[in-house]
Each structure stands twice: as structure tokens, then as C-alpha cells.
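Thanks for sharing this one. I have put my notes into numbered points, arranged by region, so you can follow them with the structure open beside you.

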Amino acid sequence: MDQSLNQMRDDLGRPGFWTVCEEQLWQARRGFATLIGADIDQVAVVPNASIAAYQASAGMRWRRRRALVTTTAEYPGVAHVWLAQQARGAKVRWCGSPTGQAATSDYLASITARTALVSVPAVTYRDATRLDVTRIAAAAHTVGAKLFVDAYQAAGNTPIDVNEMGCDYLVAGTGKYLLGLPGLALMYVRDPSGPAPTLTGRFGRIAPEAFDPLTLDFPPHARRYETGTPSAAATYAAVAGLDMINRLDLVAVRQHTQRLIAVAAVRLAGQGETVRLASTADEQGAHLALVEPHAEAMTAWLAHRGITVAPRAGVVRLAMHAYTTLDDIDALCAAIESYRTRSRSRQRTGASR
């Protein structure tokens, strides 16, 4: 990434920077298309998953079919877009438990002839539950519904083939397992020739370089879903990250992360911790959810010791990737044990006062 950002800095000092940046955008689209088995004309660059969700739903009419099936385990940035569609006539149908757990069977039981759109996270953002998107897609298409997939927690750590998956839309962010920076996402659209989006901008034109304020036209490919100027730094970093990820064997990466998760789960459980682990390895994503009511405090304490984790609604996410080692797991478990010892000591001192 450092090299890509240095390249951006150098390019900024030369004439024609935006021409070079647009070439970087093309490379990002191409890299993502390669990663997921798509055509480059099926890929759009968008700022984040919320914009991708809006673009996918904006063409829906919500008349005869009004049901939008999603899950209580949905990432809020996507779920809130679905809730906003109720003002346009959509009826959000939640599947999964009230506490935010979801299973493939929950979706299969919720899809009906009234369903227009189904939204499924490939891996849930909090508990790392890996859902069977292919089965859910088949059920959605049987009743004529579209399928939207949030692959933020899956792209880069597990193989994805959108044709085998059967989804209509898929989004992934470059700042997660794709080894880039936040501020950019890549959106797959199976059939980009649908209704024109109402959220648009210069990059959604047939000829963006024309700078024509009077012409609102849409290309016949996924770039019609793009809007304004993207983050240049995130674009350069995305190209570097995707290049690196596309050099990996993601089957081997997934096997590696699952071995590490199994080791970490056993170690932490032996230390008295509570972790949420899927019932089978096939249903487990690339992070482990450690139950912790004071997730923010633990996260801050670990950060001061050089260990980066993520707090999410009562859990601390412990993410694994190709570069994670057993030594990292040892350091993590030791640090969490030290945190517990410190917390117990402080509680005893407080009680004695």
C-alpha cells in the first residue's frame, strides 16, 4: 500500500492526474471482476455499501411485490437503506433471531411470492456466520425476487464466484480483507441494463470527460451506478490490494484462517472466555466473535499493546487473514488473559474501598 500511495503522490505532481486516476479506477474494476468471476462491465465503483444498497433498490417499484426480506444480523449501514424504502412502499420482513443471529433456514422460510428483494450478508458482520448464499439465491429467483449480497466480510478471505452464487448484486469494501483503505466499495450488477438510477453523477455518464451539464445519459454497463469523484487514495490502494489478493490461493487462505480460528477458540474457551463459533467450519467466516459487554474498553486496551480488533455490539471481532500466524494467536490470547487479570484486580481493589 505504501508504494501505491507514494505513486499517487508522485502522480499528483504531474499534469493529467485525473486521467491517470481514471486508469486506476479501471484497474480496480478489473481486479474486482477477476476476484469474483465477473465481467468488468458488471462492476461499478461506489463509496460504500449503503450507496450500493440504494442503487440496487432505487429501481424497485414496490407495487404488487412489496416484501424486502433481510435479517436482524444485517449490517446497519445496509439495513437502514432497506428501512428507508418503506416510505416508497416496501415492506421490510426480518428473519433471524431478535438478538441478531441468522441462519440459511431463516431466509428459506421467509421468502414468498410477495418478495421483491432479498438481502443477505455472505458473512454476518458481528458473529461471522457464513450463510449459504447459493441456496438463498435459488429460493429468491424461484419466486422472481432479486438477491443483494453484502460480501464485505467475505471478499478477500474466501473464494467468490458470482455466477455460481447466483446473486443479482454484490458489494465489497476495499478497506476490509481486500487490504485497501476505507472510502471505496466495488459493486457487482448481474444485469446492468435495468432501470436508470436516480442517484447519479458525472462518472455515471456515457462520456464523463465531456463535462456536459445538459445531458443525462446512462451507459449500458454497471458504471451507470457510479456517482461523483471517488477517493483517489482509496482507489490507488484498492488496485494494490486487489493485485495482492488475486495472487493468493483463496481456498488455502480460507483453510488457514479456519485453522487459526479453531486454535483461538479452544485457547480462549480454556481461559474462561465465551466465543461464538459456528456449528460447522463451513458456516464460519474469517473472524471469531468474543463475547464482551465492554467491547470498546477491551479494544482500546488491546490497541495500546499493538493488537487491532473491532468492537461490535457486545462482541469483540478477532479477524484472521493470510498473514495471521500462530504467534499472533499466542499474543492475542496472552493479552486477553492479562486484560482479565487486570480487570479482576481492579474490581477487588474497588470492593475493598
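1. Let me begin with a pairing in this predicted model. E9 and E11 run antiparallel and are joined by 5 bridges. If you want a residue pair to find the register, take His287, whose bridge partner in E11 is Ala319. E11 spans residues 315-319, and E9 covers residues 287-291.

2. Stepping back, these two strands belong to an open sheet of 4 strands, ordered E8-E9-E11-E10 with antiparallel pairing. E8 (275-276) and E10 are the edge strands, each with a single partner strand, so one side of each has no neighbour in the sheet. On the E8 side, 2 bridges connect E8 to E9 in the antiparallel sense, and Arg276 has Ala289 as its bridge partner in E9.

3. At the other edge, E10 and E11 are antiparallel and share 3 bridges, with Pro311 standing opposite Val316 in E11. The two strands make a hairpin with 2 residues between them, and Ala313 in that turn has a positive phi of about 45°. How enclosed is E11 itself? Of its 5 residues, 4 are buried, so E11 is largely enclosed by the rest of the structure.

4. The same part of the chain takes us to the largest pocket, which holds about 630 Å³ of space. Its lining has 23 residues, and those nearest the centre are Thr308, Val309, Ala319, Met320 and Tyr323. Ala319 will be familiar as the bridge partner of His287. E10 (310-312), E11 and helix H11 (326-352) each supply at least two lining residues, and H11 gives the most, with 4. By class, the lining divides into 12 nonpolar, 7 polar and 4 charged residues.

5. Now to E7 (185-189), which I would look at next. All of its residues, 5 of the 5, are buried, so E7 is largely enclosed by the rest of the structure. Side chains in a regular strand alternate between the two faces of the sheet. In E7, Ala185, Met187 and Val189 point one way, while Leu186 and Tyr188 point the other way, and all of them are buried.

6. Which strands pair with E7? One is E1 (residues 43-46), antiparallel to E7 over 4 bridges, where Ala44 has Met187 as its bridge partner. Another is E6, also antiparallel to E7, over 5 bridges, where Tyr169 is matched with Val189. Both Met187 and Val189 are among the residues on one side of E7.

7. Helix H3 (residues 49-58) is mostly covered, with 7 of its 10 residues buried. Those residues are Ala49, Ala52, Ala53, Gln55, Ala56, Ser57 and Ala58. They pack against E1, helix H4 (76-84), strand E4 (115-121), strand E5 (146-150), E6 and E7, which ties this helix to the strands of the two previous points. At the start of H3, a side-chain oxygen of Asn48 comes to within 3.2 Å of the backbone nitrogen of Ser50.

8. Please zoom in on Thr71, in strand E2 (residues 67-71). Is this residue buried or exposed? Thr71 is buried, with a relative accessible area of 0%. Its side chain reaches two backbone atoms: the nitrogen of Ala73 at 3.0 Å and the oxygen of Cys95 at 3.1 Å. Leaving aside residues up to four places away in sequence, Thr71 touches Trp94, Cys95, Ala102, Tyr107 and Pro121. Cys95 therefore appears both in this contact list and as a partner of the Thr71 side chain, a buried residue.

9. Finally, two backbone angles for your checklist. Leu179 is not a glycine, yet has a positive phi of about 65°; this residue is found in the loop between E6 (169-173) and E7. Leu179 is partly exposed, at 22% relative accessible area. Phe211, likewise not a glycine, has a positive phi of about 50° and lies in the loop between E7 and helix H8 (232-245). Phe211 counts as exposed, with a relative accessibility of 59%.

Key: Residues numbered from 1 in each chain as written. Predicted model: local features only at pLDDT ≥ 70, side-chain atom pairs only at ≥ 80, totals over all residues. Heavy atoms only, no water. 1 Å grid on protein atoms, 1.4 Å probe; cavity = no way out; pocket = protein on both sides within 12 Å on 5 of 7 lines; lining within 4 Å. Points joined across faces, edges and corners; volume = space filled by probe spheres on them. Nonpolar A, V, L, I, M, F, W, Y, C, P; charged D, E, K, R; others polar. Buried < 20%, exposed > 50% of the residue type's maximum accessible area, 1.4 Å probe, protein only. Pairing = 2+ DSSP bridges. Polar contact = N/O pair within 3.5 Å; in protein donor to acceptor, adjacent residues only side chain to side chain. Contact = heavy atoms within 4.5 Å.
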